[in-house]
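Subject: Handing over the structure, with notes on what was found

Dear colleague,

I am passing on the structure we spoke about, so that you can look at it yourself before reading my notes. Please keep the sequence and the 3D view open side by side while you go through the rest of this message.

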Amino acid sequence: MFEIRLGGGDENAVLRPLEPWRAEEYLAHIDRGRAHIGRFIGLAAAAENLDAARAFLQSYADKQAADAGRIYGIWLDGTLVGGVLFRLFDAKAGTCEVGCWLEQSAVGRGLVTRAARVLIDWAVDERGIHRVEWLVASGNTASINVAKRLGMTRDGVRRAAYEYRGVRHDQEIWSVLAPEWRESR
């Protein structure tokens, strides 16, 4: 297995594949951060118990096998505290969507920004992805700030785009194109 050190002053912050055999660890992580993680995204609801957590991680193992998505965990001092993923990945079309989540205990350290950079570097440099998207609820200021730190451009807002917890939410679409990404490095 591989891991990538995320640096940035967190010498013990690493990015690793988040595979089905880690379901117990993943569920414990989701349980610790369920309220915080679930404020804007349904990720926590997809792991209500061990079987559901394993099925969720298996769905990403299947996506990876089909070259349609991937999921990675962020570990800090040996504890899984969040992650980043390619929710959608279409190498043929040259597009992907990157997403993230994080426990409250790990907020404010730049972990998601550094981890997302690793994913975008790989997508652009290794896979030839031309457009990387970041979709975010308009009220999720922390995630919008990550998109800004990544140098993304706000393409627009899909008004009342989805229902979550009985409320319709606007969804912002942020993106960066490969030439912009390369230039920003």
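Which residue in strand 8 is the bridge partner of Glu163? It is Arg168, and I start there as a way into the sheet, with the reminder that everything below describes a predicted model.

Strand 7 (153-164) and strand 8 (167-177) run antiparallel and are joined by eight bridges. The two strands form a hairpin with two residues between them, and one residue in that turn, Arg165, has a positive phi of about 55° although it is not a glycine. That is worth a pause, because most residues other than glycine have a negative phi. Arg165 counts as exposed, because its relative accessibility is 60% and the cut-off for exposed is over 50%. A positive phi is also found at Ala160, again a residue other than glycine, where the value is near 45°. Ala160 has its place in strand 7, and with 37% relative accessibility it counts as partly exposed.

If you now step back to the whole sheet, you will find that it is open, that it has eight strands in the order 1-2-3-4-5-6-8-7, and that its pairing is mixed. Its edge strands are strand 1 (4-5) and strand 7, each of which pairs on one side only. Helix 1 (23-37) packs on this sheet and touches strand 3 (70-76), strand 4 and strand 5, with its direction making about 85° with that of strand 4. Helix 3 (111-125) also packs on the sheet, where it touches strand 1, strand 2 (13-17), strand 3, strand 4, strand 5 and strand 6, and its direction makes about 30° with that of strand 4.

Strand 5 (95-102) deserves a careful look, and both of its pairings can be followed residue by residue. With strand 4 (79-90) it runs antiparallel, through eight bridges, and Gly83 stands opposite Trp101 in strand 5. Strand 4 and strand 5 form a hairpin with four residues between them, and Gly94 in that turn has a positive phi of about 75°. With strand 6 (131-137), strand 5 runs parallel, and here three bridges join the two. Thr95 stands opposite Arg131 in strand 6, while Cys96 stands opposite Val132 in strand 6. Strand 5 is mostly covered, since six of its eight residues are buried.

What is the volume of the largest pocket? It is about 890 Å³. The pocket is lined by 36 residues, of which Ile41, Cys100, Trp101, Asn140 and Ser143 are the closest to its centre. The elements that give two or more residues to the lining include helix 1, helix 2 (50-65), strand 4, strand 5 and helix 4 (141-149), and strand 5 gives the most, with six residues. By type, the lining residues divide into 23 nonpolar, eight polar and five charged.

Two residues with long contact lists are a good exercise for the end. Is Tyr26, which is found in helix 1, buried or exposed? Tyr26 is buried, because its relative accessible area is 0% and the cut-off for buried is under 20%. Leaving out residues up to four places away in sequence, Tyr26 touches Leu18, Leu43, Ala47, Ala53, Phe56, Leu57, Leu80 and Trp101. One of these partners shows how the fold brings parts of the chain together: Tyr26 and Ala53 are 27 residues apart in sequence, but their C-alpha atoms are 7.0 Å apart in space.

The other residue is Glu103, which is found in the loop between strand 5 and helix 3. A loop position may lead you to expect an open surface, but Glu103 has 4% relative accessibility and therefore counts as buried. With residues up to four places away in sequence again left out, Glu103 touches His29, Arg32, Gly33, His36, Ile37, Leu80 and Val81.

With best wishes for your reading

Note on methods:
Residues numbered from 1 in each chain as written. Predicted model: local features only at pLDDT ≥ 70, side-chain atom pairs only at ≥ 80, totals over all residues. Heavy atoms only, no water. 1 Å grid on protein atoms, 1.4 Å probe; cavity = no way out; pocket = protein on both sides within 12 Å on 5 of 7 lines; lining within 4 Å. Points joined across faces, edges and corners; volume = space filled by probe spheres on them. Nonpolar A, V, L, I, M, F, W, Y, C, P; charged D, E, K, R; others polar. Buried < 20%, exposed > 50% of the residue type's maximum accessible area, 1.4 Å probe, protein only. Contact = heavy atoms within 4.5 Å. Pairing = 2+ DSSP bridges. Axes fitted to C-alpha atoms, helices over the stretch in contact; angles between N-to-C directions.
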